[in-house]
Amino acid sequence: MNDTVDKLVIFLAKRDGIDKLVKTFQYVSKLVHWHVESTQPGIAERFKHWEVASGLSRKAFRTGRFLTGFNLLRRSPGSTPTLRILAVLANSGEMVYWFFDHFLWLSRIGTLEPKFARRMSFISAFGEAFGYIFFIMSDFIQMKEGLDKERKLVIGSELEDNTNSDVKERTLKEIKAERVMRLMGVAANLADFIIAVADIEPNPFCNHAVVLGISGLVSAWSGWYRNWPS
């Protein structure tokens, strides 16, 4: 039976699709702004406004998302002690990210003092980057486990009769599908890690408009793939 927190998380998760769409708008407009900035400054300014508006809209959509990590730790923290530790570290970082992102949004729209924006951005991005490191580690561990399971099934199929071949074939397809989803997760987390580093420690590589734009689109489109209804 789902309790109130479960129902709230399910409700909030319904906005993932629109978040990925608006994220695509945000980073396409960033790339267009960079491309035409020197030749057509008027058009570049319009796309800059679109980028900023998309970023602020996404922050509004994500209100309450820090509960997702909390609920995941309550319900399914992991099947092994290692995965449970990684889940605690990863989701703790992400909860910090989502929580302080609320204050960053309020600072940027003027509800809170604008001077808080830089501090909130740093804390939020630090939690985000911290969490992504452990999400990526967890995905690689589970992909390795999937490969080991797949190898055993293939070897077993070669040694045994074909009585349960349909079941094994279905299991192999499920393992491969899960691996693709985890690879999409790794791609999204790596891309978002680069974006977070650009906030934590600005540098010429991570803060370049093309790097940020491509990273944002990789993250958005990986999310589209993972959240698209089957």
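Which helix is Glu 178 found in? Glu 178 belongs to helix α7, which covers residues 165-200, and the legends below return to this residue after a look at the whole chain in this predicted model.

**Figure 1. The whole chain is built from eight helices and zero strands.** Let us start with the overview. Along the sequence the pattern reads α-α-α-α-α-α-α-α. Measured out along the principal axes, the C-alpha atoms fill a box of roughly 70 × 45 × 30 Å. Of the 230 residues in the chain, 38% are buried. The accessible surface comes to about 13,600 Å², and carbon and sulfur atoms account for 65% of that area. Among contacts between residues at least 6 apart in sequence, 73% join residues at least 24 apart. The chain carries 30 positive and 25 negative charges, and the mean positions of these two sets lie 4 Å apart.**Figure 2. Phe 122 and Phe 126 form a stacked pair in helix α6.** The chain has nine aromatic pairs by the ring-centre rule. In this one, the ring centres are 6.2 Å apart and the planes meet at 20°, so the pair counts as stacked; the cut-off for stacking is planes under 30 degrees apart. Both residues sit in helix α6 (residues 116-159), four residues apart, or about one turn of the helix. What are the relative accessible areas of the two partners? Phe 122 has 36% and is partly exposed, while Phe 126 has 47% and is also partly exposed.

**Figure 3. Four phenylalanines gather in one aromatic cluster.** The members to look for are Phe 66, Phe 99, Phe 100 and Phe 103. A charge over a ring can be viewed too: Arg 65 lies over the face of Trp 98, at 4.7 Å from the ring centre.

**Figure 4. Asn 71 is a buried residue of helix α4.** Helix α4 spans residues 66-75 and includes Asn 71. Is this residue buried or exposed? With a relative accessible area of 8%, Asn 71 is buried, because buried means under 20%. Leaving aside residues up to four places away in sequence, Asn 71 touches Val 5, Asp 6 and Val 9.

**Figure 5. Lys 48 of helix α3 is shown with His 33.** Lys 48 has its place in helix α3, residues 41-61. Its relative accessible area is 31%, so Lys 48 counts as partly exposed. From C-alpha to C-alpha, Lys 48 and His 33 are 6.0 Å apart in space, with their positions 15 residues apart in sequence.

**Figure 6. Glu 178 of helix α7 is shown with Gly 146.** Here we come back to the residue of the opening question. Glu 178 is partly exposed, with a relative accessible area of 40%. Glu 178 and Gly 146 are 32 residues apart in sequence, and their C-alpha atoms are 8.3 Å apart in space.

**Figure 7. Arg 151 of helix α6 is shown with Lys 30.** Arg 151 lies in helix α6. At 46% relative accessibility, Arg 151 is partly exposed. How far apart are Arg 151 and Lys 30 in space, C-alpha to C-alpha? The distance is 44 Å, and the two residues are 121 residues apart in sequence.

Conventions: Residues are numbered from 1 along each chain as its sequence is written. This is a predicted model: local features need pLDDT of at least 70, side-chain atom pairs count only at pLDDT 80 or more; totals for chains, interfaces and linings use all residues. Side-chain values use heavy atoms; hydrogens and water are left out. Rings of Phe, Tyr and Trp (its six-membered ring) pair if their centres lie within 6.5 Å; planes under 30 degrees apart count as stacked, over 60 as edge-to-face and the rest as tilted. Helices (H or I, at least four residues) and strands (E, at least two) are DSSP runs, numbered from the N terminus. Buried means under 20% relative accessible area, exposed over 50%, partly exposed in between (1.4 Å probe, protein chains only). A charge sits over a ring if NZ of Lys or CZ of Arg is within 6 Å of the ring centre and within 35 degrees of the ring normal. Contact means heavy atoms within 4.5 Å. Accessible areas come from the Shrake-Rupley method with a 1.4 Å probe; for residues, only the protein chains shown count as cover. Lys and Arg count as positive and Asp and Glu as negative; His and the chain ends are not counted. The place of a charge is taken as NZ of Lys, CZ of Arg, CG of Asp or CD of Glu.
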